Amino acid sequence: MLVEVKVPVLSEAVAEATLLSWHKKVGEHIDRAENLIEIETDKVVLELPAPVTGILAKIVKGDGATVMSGETIAMIETEPQAAALTAGAPAAEPVSSRTSNAHLTATASSSAPDVTSTWPMMPAAQNMAAQANLEVGEINSIKGSGRGGRITKDDVAAHVERKSSCSPAAAQAATAEVPVPVPVPVPVPAPAEDRSEQRVTMSRLRARIAERLVQSQSTAAILTTFNEVNMQAIMDLRARYKDKFEKKHGIKLGLMSFFVKAAVAALKQFPIVNASVDGNDIIYHGYYDIGIAVSSPRGLVVPIIRDADTLSQAEIEKQVSDFGKRAQDGKLTIEELTGGTFSITNGGIFGSMLSTPIINPPQSAILGIHATKERPVAENGQVVIRPMNYLALSYDHRIIDGRDAVLSLVAMKEALEYPMSPLLET
């Protein structure tokens with residue numbers, strides 16, 4: 001019996017997704033719940049397990065295909081018919097597979113030779129290779145510049161051009177006796193050893209990031225205000241309580257929980273900074289869902305700490321640590337990346353000293369924190385060395401006036417310079 005493999009239901013905010021690479025070839029055995037393929041949305045990468053045990057009979061949608069919720073992408077043959085496939089019965093060829101052979105068929109002529117390559121090729125490249133009568137060895141020598149090493153039409157065209165220039169006819173024409181003027185020696189700088197270029201298609205996440213950043217810049221009136229924070233009190237607290245904190249809660253006492261606490265304190269004083277714009281309406285949020293920007297191999301993601309005002313520093317530190325680990329593994333869920341009323345981004349972990357962060361729409365403000373460095377500052381008429389951090393608050397000037405933006409950042413500064421012991425929290 002044939003069982004359809006379908007794209008799982010995506011969230012309402014995700015219209016379509018991209019298939020990455022199949023882990024099985026047509027005709028191979030697959031166990032129930034074994035991962036068949038990864039599906040990339042503009043937020044996360046989802047693993048698609050096999051719904052039944054059997055033989056992969058047909059791949060309907062190949063690597064790189066764009067798919068929708070509920071769309072059929074493969075067929076699995078269950079027992080006993082599956083036994084016939086494994087015994088040598090012909091199986092349908094995959095549309096495209098990174099690990100299987102891709103058959104090239106020339107569209108211009110039905111008599112074009114069938115050429116097989118061990119590298120994945122784009123359809124246009126397959127047609128051009130077939131029309132040029134390229135041998136398998138030639139195709140395997142072409143270095144693909146497309147996504148995942150795929151050979152593109154431009155790669156094949158460049159190979160054909162190089163082949164033509166090296167043909168016997170071209171060599172004979174080049175060596176024909178023709179009057180050649182005596183060249184005048186001109187010093188020419190030696191070319192760089194490597195001037196190669198590579199064209200790579202954006203991942204869905206990167207394309208979505210680009211779209212949202214452009215949307216933010218084009219729809220919001222973004223302005224940034226700055227302030228500096230003396231981090232000495234927090235450094236002293238961490239040095240004093242870090243061992244007790246870790247022993248009590250099983251997590252290290254980091255800096256992010258202090259910034260989240262400070263942001264929530266300021267947002268409570270200035271609710272407009274926690275609001276968002278919807279057309280001609282301003283939506284005031286009675287809750288504090290703080291987005292924490294996290295770097296991942298696929299790009300920047302912003303998982304949400306829900307109801308941050310109700311959490312202790314230990315709970316915040318645990319969530320931040322968990323987000324960081326799962327972002328590296330691509331295990332964050334769409335729900336964890338959706339929503340948020342205010343965001344925090346930390347360029348300091350990469351050494352940034354100052355920046356102007358871009359608002360994450362539909363939010364109206366974002367806090368940028370940076371590297372904490374020792375600097376000379378004046379205290380009580382004396383120059384002393386203190387660990388200083390520069391804060392940057394970008395805000396939507398359409399609804400947030402400069403007064404509220406500046407005062408909210410001052411409130412964050414004061415909460416950081418006069419923190420409460422983390423062990424006093426339950």
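**Exercise 1. Find what covers the buried residues of helix α10.**

Start with the cover itself: among the elements over the buried residues of α10 are β11 (222-230), α7 (232-249), α8, β18 (342-346), β19 (365-369) and β21 (382-396). A quick note before going on: this is a predicted model, where local features need pLDDT of at least 70 and side-chain atom pairs count only at pLDDT 80 or more, while totals for chains, interfaces and linings use all residues. Residues are numbered from 1 along each chain as its sequence is written, and side-chain values use heavy atoms, with hydrogens and water left out.

Next, the names: helices (H or I, at least four residues) and strands (E, at least two) are DSSP runs, numbered from the N terminus. Now list the buried residues in α10: Asp404, Ala405, Ser408, Leu409, Ala411, Met412, Lys413, Leu416 and Glu417. Buried means under 20% relative accessible area, exposed over 50%, and partly exposed in between (1.4 Å probe, protein chains only).

Last, check the length. α10 covers residues 402-417, 16 residues in all, and spans 22 Å from first C-alpha to last, close to the expected 22 Å. That expected span is 1.5 Å times one less than the number of residues.

**Exercise 2. Work out which helix gives the most to the largest nonpolar core.**

First, the term: a nonpolar core is a set of buried Ala, Val, Leu, Ile, Met, Phe, Trp, Tyr and Cys residues joined through side-chain atoms within 4.5 Å. The largest one has 56 residues, and Val260, Ile290, Phe342 and Ile344 touch the most other members. The top helix is α8 (residues 256-269), with 9 residues in this core.

Now zoom in on Ile290. Skipping neighbours within four places in sequence, its contacts (heavy atoms within 4.5 Å) are Val260, Val264, Leu267, Pro303, Ile304, Ile305, Ala308, Phe342 and Ile344. There's also a second, separate core of 20 residues, including Val7, Leu36, Leu56 and Ile76.

**Exercise 3. Say which way the side chains of strand β1 point, then find its partner.**

Go along residues 2-6. Val3 and Val5 face one way and are buried; Leu2, Glu4 and Lys6 face the other way and are not. As for the partner, β1 pairs with β8 in the antiparallel sense over 5 bridges; strands count as paired if DSSP finds at least two bridges between them. In that pairing, Leu2 sits opposite Glu77 of β8.

Carry on to Thr78, in the loop between β8 (72-77) and α1 (81-86). Its relative accessibility is 11%, so Thr78 counts as buried. Beyond four places in sequence, Thr78 touches Met1, Val3, Val52, Thr53 and Gly54.

**Exercise 4. Put the strands of the open sheet in order and find its edges.**

The order of the 4 strands is β5-β4-β2-β7, with antiparallel pairing. β5 (45-49) and β7 (66-67) are the edges: each has a single partner strand, so one side of each has no neighbour in the sheet. β2 (residues 17-22) meets β7 through 2 bridges, and Ala17 has Val67 as its bridge partner.

**Exercise 5. Pick out where the model's confidence drops.**

Begin with pLDDT, the predictor's confidence in each residue, from 0 to 100. The chain's mean is 82, and 81% of its residues reach 70 or more. Then look at residues 82-118: here pLDDT stays under 50, and the model has 75 contacts beyond four places in sequence for them.
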